[in-house]
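User: Could you take a close look at one part of this predicted model for me and explain how that part sits against the rest of the chain? I would enjoy a connected walk-through.

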Amino acid sequence: MAAAFLITLREGLEAALIVSIVLTYLRQIGRQDAFRQVWLGLGAAVGVGTVVGTLAYLLIGGLEGSLRLLVFAGISLAAVVVLTWMIVWIRKQARSLSRHLQEQVNQALASGSLWGVTSVVFVAALRESLETVLLLLAVLLGSSPLDLELPRFRGQWITG
């Protein structure tokens with residue numbers, strides 16, 4: 001339970017950072033009219049993440065035996081890759097993240113459509129939402145018992 005809380009907290013803080021950067025910038029340039037689109041993008045990303053997570057959990061939760069173990073191993077490996085990639089990406093982008101988001105918002109506003117702002121926030125928040133799904137699946141699948149038959153070694157069951 002603590003792992004799920006920490007994962008959700010961490011990813012939630014990252015999404016909150018992105019939203020706060022965009023909202024602050026929109027306020028600075030006097031475009032409070034685009035606030036609604038920011039919240040729509042965030043809500044859509046959370047909604048998509050929730051649906052994807054629920055479907056993945058329901059589909060994977062029904063697996064048994066070796067297939068369940070293989071899926072768990074794949075999800076765990078993907079979680080490690082995503083976390084490693086994010087650490088490297090954050091180290092490179094930490095100083096320019098705000099500027100990068102501002103440039104994307106400027107391009108969206110220049111296009112004349114406020115829906116561009118929605119897509120900027122949606123894509124950024126969806127990444128965090130899907131990371132949350134991936135990491136929570138790894139935790140949930142890893143914490144449930146796997147009904148696997150353990151191999152025999154010289155007539156004895158290997159028990160860990």
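Analyst: Happy to. Let's start with Thr8, which lies in helix α1. With a relative accessibility of 42%, Thr8 counts as partly exposed. Leaving aside neighbours within four places in sequence, Thr8 is in contact with Thr132 and Leu136. The C-alpha atom of Thr8 is also separated by 9.6 Å from that of Glu128, although the two positions lie 120 residues apart along the chain.

That brings us to Glu128, which has its place in helix α5. Is Glu128 buried or exposed? Glu128 is buried, at a relative accessible area of 3%, and the cut-off for that class is under 20%. Not counting residues up to four places away in sequence, Glu128 touches Glu11, Glu14, Ala15, Ile18 and Met86. Of these partners, Glu11, Glu14, Ala15 and Ile18 also appear among the buried residues of α1.

Now to helix α1 as a whole, since the partners above led us there. Helix α1 covers residues 2–28. At 1.5 Å a residue, its 27 residues should span 39 Å, and the end C-alpha atoms are 38 Å apart, which agrees. The buried residues of α1 are Ile7, Glu11, Glu14, Ala15, Ile18, Val19, Ile21, Val22, Leu23, Tyr25 and Leu26. A reminder is handy for reading that list: an α-helix has 3.6 residues a turn, so residues three or four places apart point the same way. Just after α1, Gly30 takes a positive phi of about 75°.

Beyond Gly30 comes helix α2, residues 35–61. How do α1 and α2 pack? The angle between them is about 170°, and their axes are 10 Å apart. The two helices are therefore roughly antiparallel, as the angle is over 145 degrees. On the α1 side, the contact is made by Val19, Val22, Leu23, Leu26 and Arg27; on the α2 side, by Phe35, Val38, Trp39 and Leu42. Sorted by class, this contact has eight nonpolar residues, one charged residue and no polar ones.

Helix α2 deserves its own look. It has 27 residues and reaches 38 Å from its first C-alpha to its last, close to the 39 Å expected at 1.5 Å a residue. Buried in α2 are Phe35, Gln37, Val38, Gly41, Leu42, Ala45, Gly49, Gly53, Ala56 and Ile60. Two positions in this helix make a useful pair to read side by side. Ala56, found in helix α2, is buried, with a relative accessible area of 16%. Thr54, also placed in helix α2, is partly exposed, with a relative accessible area of 41%.

Both can be placed relative to residues much further along in the numbering. Ala56 and Val133 are 77 residues apart in sequence and 8.6 Å apart in space, C-alpha to C-alpha. For Thr54 and Leu137, 83 residues apart along the chain, the C-alpha separation is 9.9 Å. Leu137 is also touched by Ala56, as is Gly61, not counting residues up to four places away in sequence.

Let's return to the α1 side and follow the nonpolar residues inward. In soluble globular proteins, nonpolar side chains tend to be buried together. Here, the largest nonpolar core has 25 residues, and those with the most contacts inside it are Val22, Leu26, Val38, Leu101, Val105 and Val117. The elements giving two or more residues to this core are α1, α2, α3 (65–93), α4 (97–110) and α5 (115–143). Helix α1 gives the most, with seven residues. Val22 shows how these parts meet: not counting residues up to four places away in sequence, it touches Val38, Leu101, Val105 and Val121. A second, separate core of 11 residues includes Ile60, Ile75, Ala138 and Leu141.

Finally, here is the wider setting. The protein chain has five helices and two strands, and from the N terminus on its elements run α-α-α-α-α-β-β. Of its 160 residues, 32% count as buried. Among contacts between residues at least 6 apart in sequence, 77% join residues at least 24 apart. The contacts of Thr8 with Thr132 and Leu136, where we began, are examples of such links across the sequence.

Notes:
Residues are numbered from 1 along each chain as its sequence is written. This is a predicted model: local features need pLDDT of at least 70, side-chain atom pairs count only at pLDDT 80 or more; totals for chains, interfaces and linings use all residues. Side-chain values use heavy atoms; hydrogens and water are left out. Axes are lines fitted to C-alpha atoms, for helices over the stretch in contact, and angles run from 0 to 180 degrees between N-to-C directions. Helices (H or I, at least four residues) and strands (E, at least two) are DSSP runs, numbered from the N terminus. Angles under 35 degrees count as roughly parallel, over 145 as roughly antiparallel, 65 to 115 as roughly perpendicular and the rest as oblique. Contact means heavy atoms within 4.5 Å. Ala, Val, Leu, Ile, Met, Phe, Trp, Tyr, Cys and Pro count as nonpolar, Asp, Glu, Lys and Arg as charged, and the others, Gly among them, as polar. The expected span of a helix is 1.5 Å times one less than its number of residues. Buried means under 20% relative accessible area, exposed over 50%, partly exposed in between (1.4 Å probe, protein chains only). A nonpolar core is a set of buried Ala, Val, Leu, Ile, Met, Phe, Trp, Tyr and Cys residues joined through side-chain atoms within 4.5 Å.
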